[in-house]
Structure formats: structure tokens, C-alpha cells
Amino acid sequence: MSNARQLLEERFARGEISAAEYQERLSVLNNLSGGQVPPHRVVGFGQAIALALKNYVNFSGRSSRAAHWYFVLATVLLGMVTGTIDGNNYGYYWGAPQPVSNVTSLLLILPSLGLAVRRLHDVNRSGWWLLLIPTVIGILPLLFWLCQQGDRFTNRYGDDVEAGR
């Protein structure tokens with residue numbers, strides 16, 4: 001924690017942050033011990049899914065790492081179930097129709113995009129970085145950012161942390 005405190009003091013000395021912001025961040029550092037996650041950032045599997053679907057068109061604010069990856073896990077599991085349903089009904093061959101999988105994918109595209117944008121905001125990145133997805137090499141920095149621990153302090157992409165608010 002001393003490293004974080006030292007960096008905070010250096011930023012304050014250089015004038016990068018105001019005195020009020022310095023005090024706020026210092027109080028957060030004093031309250032956190034050893035990288036603990038603040039209680040309002042802890043979500044379970046069901047709560048992560050509910051928050052993602054509740055905020056399906058919300059592209060502002062922040063989302064925790066657990067909330068993002070639990071929803072990714074849920075969509076992968078749902079994709080496996082819908083793929084099995086389509087395979088049983090229409091056959092397991094190349095070019096077989098997949099109406100259940102297609103409808104499910106269409107229904108989940110907005111919640112997935114909104115959640116990914118909020119997750120990028122949490123690591124102090126713009127949601128526009130998602131435009132790197134079509135490039136092969138651009139997926140690597142996105143995965144790195146999505147796996148990073150979120151910024152504990154306010155950042156320029158949203159101060160409200162996803163906790164139902």
C-alpha cells in the first residue's frame with residue numbers, strides 16, 4: 001500500500017490532482033487493506049446477470065471485473081444450450097439452421113456491448129476501444145484491459161460504480 005500512497009503523493013506534488021481528490025484517494029487507501037475489493041463491487045453469478053440485463057442499454061458508468069466475466073460465462077453456457085437445442089432439432093451439419101441460437105445472440109448483443117463498455121470505463125479506457133475487435137491483433141489489448149483490476153478511484157469515464165445505481 002505504501003507504493004500507492006507514494007504515487008498518490010507524487011501526483012499531488014506535481015499538481016495532477018486537487019487537494020480534495022488527494023484527500024478522497026488517501027481515505028480510500030487508508031480504508032483498503034492489501035488490495036481488498038470494496039463491498040459495493042462484489043457481485044455473485046446471479047447478480048451479475050441481473051445487473052447486465054437491467055442495464056442493457058447503459059453505456060456509461062462502470063462495471064466490475066467479476067460482473068463482466070460472470071456474464072460472459074453465462075452467455076457461453078447459454079450458447080452451448082441453444083446450440084444443443086438447434087442441433088437436436090435441425091441436425092449437426094455445416095449450414096444447418098440455428099434459429100434459437102441466432103435469436104439468443106441478437107437478444108444478448110446490446111447487454112454484452114453495454115457491459116463491455118462499462119468494464120472498459122472501469123479500467124479508465126474509452127468504450128470506443130471495442131472497435132478493435134474486427135482486427136486480429138486488437139483483441140489482445142482488449143482482453144488485457146478486460147482482465148485488469150478496476151480503478152478504485154474516480155476516473156474520466158464514469159464515477160458511478162455498477163451496484164444497481
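This section describes how helix 4 of the predicted model packs against two other helices, and then turns to one loop residue.

Helix 4, spanning residues 65-90, packs against helix 5, residues 99-122, at an angle of about 170°, and the two axes lie 10 Å apart. Because angles over 145 degrees count as roughly antiparallel, helix 4 and helix 5 are assigned to that class. On the side of helix 4, the contact is formed by Arg65, Ala67, His68, Phe71, Thr75, Leu78, Thr82, Gly83, Ile85, Asp86 and Tyr90. Their counterparts in helix 5 are Pro99, Val100, Ser101, Thr104, Leu108, Pro111, Ser112, Leu115, Ala116 and Arg119. By class, this contact of helix 4 with helix 5 comprises eleven nonpolar, seven polar and three charged residues.

Helix 4 also packs with helix 3, which covers residues 45-54; their axes come within 8 Å and cross at roughly 90°. Helix 3 is therefore roughly perpendicular to helix 4. From helix 3, Phe45, Ala48, Ile49, Ala52 and Leu53 take part, and they meet Ala66, Ala67, Tyr70, Phe71, Leu73 and Ala74 of helix 4. The contact of helix 3 with helix 4 contains eleven nonpolar residues, with no polar and no charged ones. Ala67 and Phe71 of helix 4 appear in the contact with helix 5 and also in the contact with helix 3.

Beyond these helix pairs, Asn124 is located in the loop between helix 5 and helix 6, the latter being residues 139-147. Asn124 is not a glycine, yet its phi is positive, at about 65°. The relative accessibility of Asn124 is 25%, and this residue therefore counts as partly exposed.

Methods. Residues numbered from 1 in each chain as written. Predicted model: local features only at pLDDT ≥ 70, side-chain atom pairs only at ≥ 80, totals over all residues. Heavy atoms only, no water. Axes fitted to C-alpha atoms, helices over the stretch in contact; angles between N-to-C directions. Helix = DSSP H or I, 4+ residues; strand = E, 2+ residues; numbered from the N terminus. Parallel < 35°, antiparallel > 145°, perpendicular 65-115°, else oblique. Contact = heavy atoms within 4.5 Å. Nonpolar A, V, L, I, M, F, W, Y, C, P; charged D, E, K, R; others polar. Buried < 20%, exposed > 50% of the residue type's maximum accessible area, 1.4 Å probe, protein only.
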